[in-house]
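Subject: A structure to look through

Dear colleague,

I am handing over the structure below, and I would ask you to keep it open while you read the notes that follow it.

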Amino acid sequence: MSKTDKPIAYMQRTHDYYLALGYGAPYVWASFADVPFTPLAKPLAECTLALVSTAAPYQPDKGDQGPGAPYNAAAKFYEIYAQPTAGTPDLRISHIAIDRDHTTAEDPASYFPLATMKDAVAAGRIGKLADRFFGLPTNRSQRTTIEVDAPALLALCRENGVDAAVLVPNCPVCHQSVSIAARQLEEAGIATVIMGCAKDIVAHVGVPRFLFSDFPLGNAAGRPNDPASQAATLAMALDLLETAQQPRTTRQSPLKWNGAADWKDDYSNPAKLTAAEITRRKRAFDEGKATAKQVLNS
């Protein structure tokens, strides 16, 4: 496997990055030996599916959240939310650690596949969508995800008569959060599939089904401005939801990123940063933490 074909080791990369910024204690990622598994109880064309996202509803008073926006801690959310699947919700991912050098989040369909899922309903591939989709917080506290966020998501899925769920993370910690949530849904009898880009994190947690797209973070639902890619990515996830026979079933999308091949080497790589840039990033990170703390406590 060539360097450009090998997935990014996000756990090691983020450890090295934050160590370079001056944060010593490494983050301990969640991991479980046993993985629950719920087979799909009926044909997908008869199922009600939920969409679970880590994207945030747009908040006009919280600063720049548009395409290419820098990290915006003020735009984070800290509790599960539910919004109608009708219409065209305005969700953004400016608050999380996506790859901001090689993608801009200009196309919501690349990280929030609601429209693509509606097309699948119209085509008869999915029975129906739940009346609401759900937002899962990007939470570094595994305990909070396990004890608060995942149970709240399960309750919403039950309220909405959900048979199965498609979970779409964005940043590294997002991948951990949705993996923990997927486990609890499966334990409760709701089949799940994760569409994501951080293979090592999802595998480390241990999940039932995972469709891996080797794209920059923020594009788990397909390449931006490429409806065919987005439709194909969802189709692979739905196929996996139907056909997986055991937990820890991972399928890799054959689709390739259209941009420069050096995106894997660039992402949060301290070896490619000057001392001045590391200082700037640490200052920005500290400011972001302070802002996030104010939002959480407000």
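How many disulfides does the structure hold? In this model, which is predicted, there are 0 disulfides. Cys47 takes part in none, and the nearest cysteine sulfur to its own, that of Cys157, is 13 Å away. Cys174 is also in no disulfide, although the sulfur of Cys171, the nearest one, lies 3.1 Å away; a disulfide is counted when two cysteine sulfur atoms are within 2.5 Å, so the distance of 3.1 Å does not qualify. Both cysteines are nevertheless buried, Cys47 with a relative accessible area of 1% and Cys174 with one of 0%.

Next, please turn to helix H1, which runs over residues 10-20 and in which Tyr10, Met11, Arg13, Thr14 and Tyr17 are buried. When one looks down the axis of H1, these buried residues fall within an arc of 165 degrees, so they line one face of the helix. What covers them includes helix H4 (172-187), helix H5 (199-205), helix H7 (263-266) and helix H8 (275-297). Just after H1 comes Gly22, which takes a positive phi of about 105 degrees.

It may help to keep in mind that, in soluble globular proteins, nonpolar side chains tend to be buried together. Here the largest nonpolar core has 53 residues, and those with the most contacts inside it are Tyr10, Leu49, Val166, Leu238 and Leu241. Two or more residues are given to this core by each of H1, strand E1 (48-53), helix H2 (114-122), strand E7 (164-168), H4, strand E8 (191-196) and helix H6 (227-243), and the largest share, 6 residues, comes from H6. If residues up to four places away in sequence are not counted, Leu238 touches Leu44, Leu49, Ala120, Arg125, Ile126 and Val166. There is also a second, separate core of 24 residues, which includes Leu167, Ala181, Phe210 and Phe212.

Finally, is Gln184 buried or exposed? Gln184, whose place is in helix H4, has a relative accessibility of 16% and therefore counts as buried, since the cut-off for that word is under 20%. Leaving aside its neighbours within four places in sequence, Gln184 is in contact with Ile146, Ala150 and Pro151.

With best wishes

Definitions and conventions. Residues are numbered from 1 along each chain as its sequence is written. This is a predicted model: local features need pLDDT of at least 70, side-chain atom pairs count only at pLDDT 80 or more; totals for chains, interfaces and linings use all residues. Side-chain values use heavy atoms; hydrogens and water are left out. Buried means under 20% relative accessible area, exposed over 50%, partly exposed in between (1.4 Å probe, protein chains only). Helices (H or I, at least four residues) and strands (E, at least two) are DSSP runs, numbered from the N terminus. The arc is that of the directions from the helix axis to the C-beta atoms. Contact means heavy atoms within 4.5 Å. A nonpolar core is a set of buried Ala, Val, Leu, Ile, Met, Phe, Trp, Tyr and Cys residues joined through side-chain atoms within 4.5 Å.
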